[in-house]
Amino acid sequence: MKTTERRPKQRPRAGEVRLEGQPVSSGVAIGYAAVAHEPAPPPVDMARRDCDSAHERTRLHDAISRSVAQLGRLHDRLALLPEDGQVEIGSLLEVYRRMLGPSRLRRGIEARLEQGMLAEAAVMQETETLAALMLVPPGRPAPQGEDAVAARRRAGEFREIGRRLVRNLSGTPYRSFSTLPDGAILVAEQLRPADAALIDPSRIAAVVTEEGGSTGHTAILLRALGIPAVLAAHGLLAQVGRRTRLVVDGATGRVIVRPSSRTAAAARVEVASYARERQMLGRLRRLPARLSSGEVLTLQANLEIPAELPMVAQSGAAGIGLLRSEFLFMNTDTLPDEELQEAIYLPLIEAMAGDPVTIRVVDWGSEKNSDALSRVGIGNGGDANPALAVRGIRLLLQHRTLLETQFAAILRAAHAGPVRVLLPMVSLLEELQAAREIYARVGRRLRRRGVKIPDPLPPLGIMIETPAAALMTDVLAQEAEFLAIGTNDLTMYTLAADRAATDVAALYDPLHPAVLRLVRMTADAGLRQRRPVSVCGELASDPQAVPLLVGLGVRSFSMHASAVPRVKRAIRAAAMDDCRRMACRALEATDGQEVRAMLAQYAHTLQPPDDG
Ligand code: PEP
Ligand code: MG
């Protein structure tokens with residue numbers, strides 16, 4: 001299919017127009033729109049029932065062979081994509097390939113051919129039926145939240161394979177992006193994942209579409225390719241004409257059509273600074289997290305849902321420092337059993353290829369809520385003060401089968417790579433001892449059954465999230481093999497300010513010296529007892545705060561993957577002596593404001609290191 005700059009049906013308005021779409025892949029681009037049209041297949045007579053079924057079967061089989069060959073060619077292109085793009089599109093191509101094999105879809109289409117339907121009609125009806133079943137499973141409530149996202153994705157996969165078959169049946173060509181001018185901004189009504197895989201990121205400045213969403217395969221792939229992209233920018237095609245200039249901001253979702261000269265000049269500055277930033281962050285990915293004075297630190301990523309894994313790989317994180325396993329219990333009515341949990345942990349551990357994965361057993365209660373747990377009567381029992389009620393380890397020790405199941409699943413998956421097990425919300429030694437006993441018992445039971453699990457068992461550690469735990473770290477560290485400071489909760493409990501309440505937001509300050517003194521106590525006790533100490537609360541994502549935490553004695557940090565490069569940059573610029581001096585001053589400060597001002601001043605005086 002020829003790609004042309006589109007002539008709109010209606011004359012576009014002159015002057016700058018701003019549209020909002022879904023931000024999908026960050027980055028700013030400025031360039032001319034190139035609209036990629038795709039010829040529609042000819043109309044299909046859906047009502048016919050007098051076709052020669054043998055002939056239609058042959059046509060279908062030919063179309064399937066052509067589709068398989070096309071997918072094979074796409075597969076050959078995989079090596080050109082970035083690593084995480086390869087994973088995303090590779091598994092998608094596998095799904096398509098299976099659908100074209102001896103699948104339910106194929107059986108359904110062939111059954112319709114037996115009724116005398118045209119092959120195109122049979123394909124369209126069957127793929128639409130299966131897509132609809134995904135979206136609204138019969139006799140079950142429509143999926144919600146993450147499940148709804150997965151259902152939409154699956155429905156999209158059926159529709160996509162249906163479109164491919166219909167194109168091949170009718171000989172309608174696909175669009176090609178090879179004729180797009182260099183530096184063009186690709187504009188389309190919609191972009192399928194297989195289309196996105198054909199885009200050469202060195203030639204296309206950005207992608208904007210009328211339709212689509214931020215969670216589908218296309219979005220994931222565009223992010224992996226690093227192309228600034230905004231999807232679902234409604235009204236776009238009506239605005240875009242021949243050589244229409246666009247500014248696309250993939251971080252905010254803003255698309256500016258026909259930017260004024262002032263807007264264009266500002267966008268050019270942003271494009272240049274974004275390019276510099278990317279180059280610098282890209283270089284940082286492979287560099288060690290080493291202070292300018294030589295000490296090497298560990299930077300790991302926090303993971304909330306497995307879909308974030310490609311971001312972890314991109315960030316240069318040395319493992320997962322906190323896998324919050326709450327996602328297993330969200331958007332589901334049923335509790336995840338041992339097999340299901342194992343099947344989820346296993347690929348995560350494998351994907352980290354030898355870097356450690358710290359799995360925190362479920363931390364339920366307080367502000368978090370789960371359908372699956374509520375259904376079996378566990379969790380938020382309407383306490384007046386849920387953060388101070390039964391949550392975290394307290395809840396797990398009251399419902400031990402939950403803990404046993406999770407321990408067993410983690411231990412089963414642990415042969416795939418280094419794993420650590422983390423207990424949330426511990427405040428007493430006896431909680432840790434009770435959990436350790438269960439852990440050992442589950443290990444013994446698995447071994448008796450002949451399951452291969454590591455010997456000794458993977459390290460069992462605790463979150464330091466309460467003042468009690470911080471004050472008693474030296475006692476707890478005799479039983480805990482590692483300590484992870486959760487500054488989010490530690491701040492809440494220390495300052496008695498709810499982390500989620502806006503009316504006390506000003507009181508909630510992780511840089512308050514009271515919190516910092518507890519961090520210092522924990523780090524000192526960890527050092528004395530030779531137990532590794534990390535910080536995995538939000539404070540670890542703050543590039544200004546991390547040098548201070550280093551000065552307080554912390555050597556390992558776990559944060560949202562997107563923060564890793566910036567934190568690494570701050571670390572590489574800082575020197576241990578300065579970190580220690582800052583820590584001494586911060587511990588003596590009167591409030592968080594004073595600490596913050598000192599950190600900002602230090603950040604200002606730092607020279608950027610060689611890498612940027
Ligand atoms: C914390 O409390 O700092 C922490 C990391 O745990 P969560 O945010 O999941 O409560
Ligand atoms: Mg916490």
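Student: Which residues does Thr244 touch, not counting residues up to four places away in sequence?

Tutor: Thr244 touches Gly31, Tyr32, Ala33, Gln239, Val257 and Arg258. Contact here means heavy atoms within 4.5 Å. This is a predicted model, in which local features need pLDDT of at least 70, side-chain atom pairs count only at pLDDT 80 or more, and totals for chains, interfaces and linings use all residues. Residues are numbered from 1 along each chain as its sequence is written, ligands are numbered from 1 in the order in which they are written, and side-chain values use heavy atoms, with hydrogens and water left out.

Student: Why is Thr244 called buried?

Tutor: Buried means under 20% relative accessible area, with a 1.4 Å probe and protein chains only. Thr244 has 5% relative accessibility, so Thr244 counts as buried.

Student: What makes the link between Glu465 and ligand 1 a polar contact?

Tutor: A polar contact is a pair of N or O atoms within 3.5 Å. A polar side-chain atom of Glu465 lies 3.0 Å from an oxygen atom of ligand 1. For Arg324, a polar side-chain atom lies 2.7 Å from an oxygen atom of the ligand. Thr487 instead uses a backbone N or O atom, 3.1 Å from an oxygen atom of ligand 1.

Student: How much of the area that ligand 1 exposes alone does the protein bury?

Tutor: Taken alone, ligand 1 exposes 290 Å², and the protein buries 98% of that. Such areas come from the Shrake-Rupley method with a 1.4 Å probe.

Student: Which element gives the most to the shell around ligand 1?

Tutor: H18 does, with three residues.

Key: A polar contact is a pair of N or O atoms within 3.5 Å; within protein, one must be able to donate a hydrogen and the other to accept it, and residues adjacent in sequence count only if both atoms are side-chain atoms. Helices (H or I, at least four residues) and strands (E, at least two) are DSSP runs, numbered from the N terminus. Buried means under 20% relative accessible area, exposed over 50%, partly exposed in between (1.4 Å probe, protein chains only).
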